[in-house]
Amino acid sequence: MIYNVILSGGIGSRLWPLSRKSAPKQYLPIIDGKSMFELTLDRNKAISDGCIIVGNKDNHHLSQQAIANSNINNYSFIIEATPRNTAAAIAFACFGLAENDIAIVTPADHMITGCTQYQQSMEEGIALAEQDVLVTFGIRPSKPETGYGYIEKADNRVLSFREKPDLETAKGFLENGSFLWNSGMFCFKAGVYIKELQLHAPTVYEAAYKTWCHRSGTFMPSSETLEIPAISVDYAVMERSANLRVIEADFKWSDLGSFDAIWDYKENISGNNKAMPNLVIATQNKHVEFIGLENLILVETNDAILVIPRNQSQKVKEIYDRLELEKPALLQ
């Protein structure tokens, strides 16, 4: 059996004030009236036998509403008491699968265009996963992006993972030609992932398995969850494993993790070759004009206004972190 494991516990802090704890970015209907979560369901139902949705207790009802409106019948939920990052989230999904079941792990907040190319890449990933290897998917960079991690590769072998670089390093990656954007999508047999997690991050495995054993239906317990080291699957497994392959995916991809990425997306679909001078995202239907200003992003909600230069959109997370301490009500 092939399952799409959808990771949907993120908050989307770099899209504040649009994205909130009560309505994270993956559930916002910002793509032609559909949310990225809904598009993830649609994209993967043709290549999987069912889906497993890993989310958190604060917004799992949004996942349930979305899937109720889909025509997917074989699905299940895993509801985390508190986020402990992706290594544990993926482990929970794999604990519930048969050893030889294949998991296609996809975040719920990615924008992907090129359905045929996507399915081809996933089919390649499934074929490799049948050989008992961990598969990751890399995207050929179109620009020196500082908001993504990178994968260094030779053929389909992974040479190294690189953290989000500064601009000069990102330019070097682009010129080198051996680096791909790290998409955060994976494919492997459930049993293979569990064995690799046991080998490379035994404390994560043990705490996650203990938590799994104490679950109540679809809900993970609070006290056991807090014992799990909060670590990403990249750090826990992928960067340490010798049993890893990468597929250079031939589709357009973005995690829409910043307003700059939304700007790129809106320009690409507009059909207008003239670049937009500014971007306005508003929920109040107010007319906005700019005079003598370019490359600005204005975001307005009913309780907040954000204005930021396009090339500094990654810094929205700094605002989010400050508000977490000073005005947490604005994050709800």
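Which residue's side chain meets that of Arg20 in a salt bridge? I opened my notebook with that one, keeping in mind that this is a predicted model.

**Entry 1: Arg20**

I found that the partner is Asp303, with an N to O distance of 2.6 Å. I then looked up where the two sit along the chain. Arg20 is in the loop between strand S1 (2-7) and helix H1 (36-44), and Asp303 is in the loop between strand S13 (296-300) and strand S14 (305-309). The pair links distant parts of the chain, 283 residues apart.

Next I checked accessibility. Arg20 has a relative accessible area of 8%, so I noted it as buried. Asp303 has 38%, so it went down as partly exposed.

**Entry 2: Lys189**

I moved on to Lys189, whose side chain forms a salt bridge with that of Asp132 at 2.9 Å, N to O. Lys189 belongs to strand S9 (residues 179-189), while Asp132 is in the loop between helix H4 (115-129) and strand S6 (134-139), so this pair ties together parts 57 residues apart in sequence. Lys189 is buried at 9% relative accessible area, whereas Asp132 is partly exposed at 38%.

**Entry 3: Lys210**

My third pair was Lys210 and Glu227, a side-chain salt bridge at 3.2 Å, N to O. Lys210 comes from helix H7 and Glu227 from the loop between helix H8 (222-225) and helix H9 (233-238), so the parts tied together are 17 residues apart in sequence. Here I wrote "partly exposed" twice: Lys210 is at 35% relative accessibility, and Glu227 is at 46%.

**Entry 4: The wider tally**

I looked up the total and got 19 salt bridges in the structure. I also came across a network of salt bridges that links Lys143, Glu145, Asp260, Asp264 and Arg310.

**Entry 5: H3 against H7**

Lys210 had taken me to helix H7, so I stayed there and asked how it packs with helix H3. At what angle do H3 and H7 pack? For H3 (residues 86-95) and H7 (residues 202-213) I read about 55 degrees, with the axes 10 Å apart. That angle makes H3 oblique to H7. The crossing is right-handed.

I then listed who meets whom. On the H3 side I have Ala87, Ala88, Ala91, Phe92 and Phe95. On the H7 side they meet Val204, Tyr205, Ala208, Tyr209, Thr211 and Trp212. Sorting the contact residues gave me 10 nonpolar, 1 polar and no charged.

Notes: Residues are numbered from 1 along each chain as its sequence is written. This is a predicted model: local features need pLDDT of at least 70, side-chain atom pairs count only at pLDDT 80 or more; totals for chains, interfaces and linings use all residues. Side-chain values use heavy atoms; hydrogens and water are left out. Axes are lines fitted to C-alpha atoms, for helices over the stretch in contact, and angles run from 0 to 180 degrees between N-to-C directions. Helices (H or I, at least four residues) and strands (E, at least two) are DSSP runs, numbered from the N terminus. Angles under 35 degrees count as roughly parallel, over 145 as roughly antiparallel, 65 to 115 as roughly perpendicular and the rest as oblique. A crossing is left-handed if the near helix is turned anticlockwise from the far one by less than a right angle, and right-handed if clockwise. Contact means heavy atoms within 4.5 Å. Ala, Val, Leu, Ile, Met, Phe, Trp, Tyr, Cys and Pro count as nonpolar, Asp, Glu, Lys and Arg as charged, and the others, Gly among them, as polar. A salt bridge is a side-chain nitrogen of Lys or Arg within 4 Å of a carboxyl oxygen of Asp or Glu. Buried means under 20% relative accessible area, exposed over 50%, partly exposed in between (1.4 Å probe, protein chains only).
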